[in-house]
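Student: Could you take me through the helices in this one? I'd like a close look at how they run and what they pack against.

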Amino acid sequence: MERLHAVDALRALALLGILSVNIWYFAFPENLVGGGRSAGLSETGSGDDAGAFAAADQWVAFAATAVFEGKSYVIFSFLFGLAFVLQWSSAHRAGVSEVSRSQRRFTGLVVLGLLHGVFLFVGDILLAYAVLGFALLGLRRISTRAALLLAAGLWVVVALALLGLGALTWWLESAPLMDGAAMSPESMESSGLIMASEEARAAYTGSLGSYLAFQLDAYALVAPSMLLVQGPIAFAAFLLGLVLGRLRMLERILAGEIATARLVSVMLPALAVGGGLSVTAAWMVWGGEPGAGGLGAETLSAGLIFLAGPVQATGYVLAALLVMRHRGFSWLVRLLAPAGRMSLSNYLGQSLVLALIFSALGAPLGLGLAGQLSASQVGGVVVVLWLGQLGISHLWLRFFDRGPMEAPLRAWTYAVKPLHVKPAQDHPSA
């Protein structure tokens with residue numbers, strides 16, 4: 001099947017969202033060790049303004065939650081599931097087993113995920129993708145009805161579980177028989193239940209040894225939640241990608257076979273419902289002083305984000321496809337597609353650059369800026385880094401067929417030459 005350049009462009013947009021969410025865990029590493037999503041951000045400012053959360057910073061954090069959090073990785077996961085269909089079709093055309101190829105690919109992702117999680121970003125999703133990929137391989141012949149029911153069930157169960165936990169925590173914080181202050185981040189820091197912000201930043205930006213120790217401790221804390229909380233939502237997106245890939249739905253949309261009015265009738269309600277839930281979730285965390293709502297409010301907000309994510313992501317995908325199927329926006333597809341073709345390299349590259357900027361890896365270069373940038377400055381890093389990746393992807397694909405991480409993974413999966421210089425003609429998406 002000919003590569004869908006619009007799908008590559010969609011991956012590039014998902015990479016922007018993933019970067020916009022992940023960067024906060026590099027910039028404020030206390031978020032990784034139990035401090036909550038608002039950890040550290042209330043400390044921006046200096047002098048008389050210390051502890052104040054500037055309006056611009058508040059809006060940046062609010063936008064990251066409302067627009068990207070819980071949506072971008074759903075889109076990325078959906079496209080990952082869609083890619084399975086394309087890879088399995090390729091295996092059938094080549095007369096080889098899709099099982100052996102997939103097993104080799106997932107094994108490679110396990111290795112990459114572990115290395116990425118331990119050394120760069122403990123919130124790695126590749127390990128979860130590999131584990132869930134094996135599960136999807138076993139269910140590759142699942143019926144459309146069963147796949148959709150299973151996807152919906154996983155989504156609802158995770159969202160309701162988080163909402164229930166958040167409601168219970170909120171009630172305990174306000175219950176007359178409980179000391180709500182004892183559940184605050186400050187109290188948990190003083191009692192040693194979670195690492196203090198200053199201690200987390202010192203470990204993250206200190207020596208290489210302290211950095212690796214912090215990474216291992218945080219990875220042991222975060223990795224199970226990636227598998228047990230985000231994992232089911234990612235698997236639901238895999239299943240949706242599998243179903244729509246079989247139906248060639250994206251191809252049909254891009255070819256104009258489905259009327260714009262019909263797509264808009266789904267897109268607008270999805271954006272309205274998902275956006276409303278996401279704005280509510282963002283307001284619970286960022287509407288006032290960061291962390292003022294307590295652990296209960298943050299957990300409830302996370303539940304709303306998980307509930308809104310697949311709905312809002314559906315609206316995003318339909319809106320993007322409607323734009324990209326219009327001939328007047330073919331330039332946009334050409335601009336974005338190379339970064340999407342190199343999505344694995346760009347995902348890992350984001351982590352490497354952010355680790356150099358914020359952690360001990362960049363300290364010898366005068367960096368190690370964790371906790372030193374405001375939310376607005378963090379937002380600026382997102383824009384500059386993503387635009388840089390667009391440019392580098394175009395440049396790389398002028399000379400090579402595949403990205404620097406895609407090539408060895410493909411070589412391992414298909415037993416082919418890992419990387420070679422391109423022929424004279426340009427690839428259409430490069």
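Tutor: Here is a walk along a few of the helices, bearing in mind that this is a predicted model.

Let's start with H1, which covers residues 5-27. At 1.5 Å a residue, its 23 residues should span 33 Å, and the end C-alpha atoms do sit 33 Å apart, so expectation and model agree. That doesn't make H1 free of any bend: there is one of about 25 degrees at Val21. As for its surroundings, H1 is mostly covered, with 21 of its 23 residues buried.

H1 also turns up in the packing around H13, residues 330-341. Run the length check again: twelve residues at 1.5 Å each should give 16 Å, and the end C-alpha atoms of H13 are 16 Å apart, so this one agrees too. The buried residues in H13 are Val333, Leu336, Ala337, Pro338, Ala339, Gly340 and Arg341. What covers them includes H1, H12 (294-324), H14 (343-358), H15 (375-399) and H16 (406-414).

Now for a helix pair. The axes of H2 (residues 55-68) and H11 (residues 260-286) come within 8 Å and cross at roughly 140 degrees. Angles over 145 degrees would count as roughly antiparallel, so H2 and H11 are classed as oblique to each other. Their crossing is right-handed. On the H2 side, the contact is made by Gln58, Ala61, Phe62, Thr65 and Ala66; H11 contributes Ser278, Val279, Ala282, Trp283 and Trp286. As a rule, an α-helix has 3.6 residues a turn, so residues three or four places apart point the same way.

Definitions and conventions. Residues numbered from 1 in each chain as written. Predicted model: local features only at pLDDT ≥ 70, side-chain atom pairs only at ≥ 80, totals over all residues. Heavy atoms only, no water. Helix = DSSP H or I, 4+ residues; strand = E, 2+ residues; numbered from the N terminus. Expected span 1.5 Å × (residues − 1). Bend = angle between axes of the 7 residues up to and from the residue. Buried < 20%, exposed > 50% of the residue type's maximum accessible area, 1.4 Å probe, protein only. Axes fitted to C-alpha atoms, helices over the stretch in contact; angles between N-to-C directions. Parallel < 35°, antiparallel > 145°, perpendicular 65-115°, else oblique. Left-handed = near helix turned anticlockwise from the far one by under 90°. Contact = heavy atoms within 4.5 Å.
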